[in-house]
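Subject: Handover of a structure and findings

Dear colleague,

Please find the structure below, handed over for your own work. The findings follow directly after it.

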Amino acid sequence: MTERPARGLLLRLAGPLQSWGTHSKYLWRDTARFPTRSGIVGMLAAGLGRERGAPLDDLTALSMTVRVDRPGVVLSDFHTVGGGLPADEKVITVDGKRRAGDKGTLVSKRQYLADAAFTLALTSDDAELLHMCGDALRDPHWPLFLGRRSCPPEGPILLGAVEDPLQHLVRLPLATKRPRSGAQATDFYGDRPLGVLPVDTDAPDRGDGDHHSGEVTDEPLSFAPLQRHYRPRPLYRRAVHLPEAAYEGFGTGYLEKLQTYIDTHFVKPEGSAR
């Protein structure tokens, strides 16, 4: 079995709305059901203050594993652009002209995840890179958002820098209520095989996560405004039955349990009051 990563950062991604596009084009903006690599790399680049055309090779070398605490609900927003504007302010077409009066309003649809919550592990053997990214998430150069600028996080994103991050990813409190009827599996998504997750091997578990379940085109090569490029990468999925004690519900009760776990298991960064 592949060894688990030695170091990593743990992130909490939660807010009223999130949107992680994978096939967004023109008037249709979709969302994946979990954070994408392009969205997380973009968040790190914003925190670091990198321009859109800056190289991304170091950030794309990070591995990402997502735990779905709450999958949320997909919402579709009816969105218009350019309506009611004077002729010289209407939407510009590809040939540089303004849209005609009767075609001045563009109608688009944008998808969001409402009330979703995810816990995420970023792992690497490069301690300096992890330290740099951790600092950027603690004190970002530009504001951080959950896939789209209209989706701010509900609180601090960085939980901490840890040894053996996948162990904590499995054991951190879940931001959801205990299921009413029987066991309920928690989904994990990764860009590498998930057989390394340190879970109870006797628990009912759908697959070992070592075989990719498809591909998603969310590996960013460039964020340059007119030259955005992405490539496909394998997607691994594993559904794990976590102990009932992991379910901590919502609100202050969950946040208190989360803080207790952090204070007990994580090393405080130098100069931190926490």
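Arg37, Ile40, Val41, Leu44, Leu59, Leu62, Met64 and Leu122 form the lining of the largest cavity. Please bear in mind throughout that this is a predicted model. The space in that cavity amounts to about 30 Å³, and the count of cavities of 30 Å³ or more comes to 1. Helix H1, residues 37-48, gives the largest share of the lining, with 4 residues. Sorted by class, the lining of the largest cavity holds 7 nonpolar residues, no polar ones and 1 charged one.

The largest pocket is the next item. Its volume is about 1,200 Å³. The lining of the largest pocket comprises 34 residues, and those nearest its centre are Arg52, Gly147, Phe223, Arg228 and Tyr230. Helix H1 again provides the largest share of the lining, here 6 residues. At least two lining residues come from each of H1, strand E11 (214-222) and strand E12 (229-240). By class, the lining of the largest pocket consists of 12 nonpolar, 12 polar and 10 charged residues.

I turn now to charged pairs. Side chains of opposite charge can pair when their charged atoms come close. Across the whole structure, the search finds 12 salt bridges. Three of these pairs are described here.

In one of them, Asp191 and Arg37 join through their side chains, with an N to O distance of 2.6 Å. Asp191 belongs to the loop between strand E9 (186-190) and strand E10 (205-206), while Arg37 belongs to helix H1, so this salt bridge ties together parts that are 154 residues apart in sequence. Are the two residues buried or exposed? Both Asp191 and Arg37 are buried. The pair also belongs to a network of salt bridges that links Arg37, Asp191 and Glu219. Arg37 is, in addition, one of the residues that line the largest cavity.

Another salt bridge brings together the side chains of Glu163 and Arg7, at 3.9 Å from N to O. This pair too links distant parts of the chain, since Glu163 sits in strand E8 (residues 158-163) and Arg7 in strand E1 (residues 7-14), 156 residues apart. Arg7 has a relative accessibility of 35% and therefore counts as partly exposed.

Arg50 and Asp58 make a further salt bridge, in which the closest N and O atoms are 2.6 Å apart. Arg50 has a relative accessible area of 21%, so this residue is partly exposed. Asp58 is likewise partly exposed, because its relative accessibility is 29%.

The strands offer a further topic, with E7 at its centre. How many of the 7 residues of strand E7 (residues 117-123) are buried? The count is 7 of the 7, so strand E7 is largely enclosed by the rest of the structure. In a regular strand the side chains alternate between the two faces of the sheet. Both faces of E7 are covered, with Ala117, Thr119, Ala121 and Thr123 buried on one side and Phe118, Leu120 and Leu122 buried on the other. Leu122 also appears among the residues lining the largest cavity.

Two strands that pair with E7 are described next. E1 and E7 are antiparallel and share 7 bridges, and Arg12 stands opposite Thr119 of E7. Strand E4 (residues 63-70) also runs antiparallel to E7, and 7 bridges join the two. Within that pairing, Ser63 has Thr123 of E7 as its bridge partner.

Some remarks on the cysteines follow. The count of disulfides comes to 0. Cys133 has a relative accessible area of 1%, so Cys133 is buried. Cys151 counts as buried as well, because its relative accessibility is 1%.

A last point concerns Lys109, a residue of strand E6 (residues 106-114). With a relative accessible area of 48%, Lys109 is partly exposed. What separates Lys109 from Phe78 in sequence and in space? The two are 31 residues apart in sequence, and their C-alpha atoms are 5.1 Å apart.

With kind regards,

A colleague

Key: Residues numbered from 1 in each chain as written. Predicted model: local features only at pLDDT ≥ 70, side-chain atom pairs only at ≥ 80, totals over all residues. Heavy atoms only, no water. 1 Å grid on protein atoms, 1.4 Å probe; cavity = no way out; pocket = protein on both sides within 12 Å on 5 of 7 lines; lining within 4 Å. Points joined across faces, edges and corners; volume = space filled by probe spheres on them. Nonpolar A, V, L, I, M, F, W, Y, C, P; charged D, E, K, R; others polar. Salt bridge = Lys/Arg side-chain N within 4 Å of Asp/Glu carboxyl O. Buried < 20%, exposed > 50% of the residue type's maximum accessible area, 1.4 Å probe, protein only. Pairing = 2+ DSSP bridges. Disulfide = S-S within 2.5 Å.
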